[in-house]
Amino acid sequence: MGIHRLNHAVLFVSDLARSVAFYQDVLGFTKVAMTPDGFAGAAFLQAKDSTNDHDLGLFEVAGAGPSPAGRATVGLYHLAWEVDTLDELSATAERLSAAGALVGSSDHGSTKSLYGRDPDGLEFEIVWLIPADKLDDAALDARRRIGRLDLAAEKARYGGQTRGGVGISVPA
């Protein structure tokens, strides 16, 4: 079995309208009209520029408490979504921060990452990958550590509009 990529994720949320608003307003997803008839407690969303019919399914579990995964039970830690440019990563950091949802950032060498939490506390990562033709030994060696992300320095080094992931997650 050859897996090519993650097609979509489905999350259980406590307040469907609140979660839909968050993913639309903060991360730019759009709602897709594909909820089955008679099933009011679900929504399907598509990421900007995605070719998937949907990237995120949200299913409401009214009155549910926060997930204990990672604290008291096993479970999913986070999902990671990739953006095309460092300018887009910077803009996402600003939107997450304004929403009170930015919980961290890090430099993983070949990957530049933001971490956020949705209204239910479910964590996600937004990443920009250094394109294959710009990877060097320093970036590859830095994958063994987690460093502080300096977006201004990364933009100065790679350019704010350089398309990330080319030759890695995006065909060259």
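Student: Which residue stands opposite F44 in β4?

Tutor: F44 of β3 has G57 opposite it in β4. The model is predicted, so local features need pLDDT of at least 70 and side-chain atom pairs count only at pLDDT 80 or more, while totals for chains, interfaces and linings use all residues. Residues are numbered from 1 along each chain as its sequence is written, and side-chain values use heavy atoms, with hydrogens and water left out.

Student: How do you know that strand β3 and β4 pair?

Tutor: Two strands pair if DSSP finds at least two bridges between them. Strand β3 (residues 42-46) and β4 have four bridges, in the antiparallel sense, so they meet that rule. Strands here are DSSP runs of E, at least two residues; helices are runs of H or I, at least four residues; both are numbered from the N terminus.

Student: What joins β1 to strand β4?

Tutor: Five bridges join them, and the two strands run parallel. One of the partner pairs is F12 with F59 in β4.

Student: What makes β6 and β7 a hairpin?

Tutor: Strand β6 (residues 102-107) and strand β7 (residues 111-117) run antiparallel, joined by five bridges. Three residues lie between them, and G109 in the turn has a positive phi of about 80°. D107 stands opposite K112 in β7.

Student: Where do the domain bounds come from?

Tutor: They come from an automatic or database domain assignment. That record gives domain 1 (9-60) and domain 2 (79-158). Over C-alpha atoms, their centres are 23 Å apart. Contact, meaning heavy atoms within 4.5 Å, takes 15 residues from domain 1 and 14 residues from domain 2.

Student: What area do domain 1 and domain 2 bury between them?

Tutor: About 1,100 Å², with 69% of it on carbon and sulfur atoms. Buried area is the accessible area (1.4 Å probe) that two parts lose on being put together, summed over both. F22, V26 and L27 supply 43% of what domain 1 buries against domain 2, more than any other three residues.

Student: Why is the contact of D120 with R18 called a salt bridge?

Tutor: The term requires a side-chain nitrogen of Lys or Arg within 4 Å of a carboxyl oxygen of Asp or Glu. The closest N and O atoms of D120 and R18 are 2.9 Å apart, so the pair qualifies. Across the interface of domain 1 and domain 2 the rule finds one salt bridge.

Student: Which elements give two or more residues to the side of domain 1 that touches domain 2?

Tutor: β1 (9-13) and α1 (16-25) do. The largest share, five residues, comes from α1.
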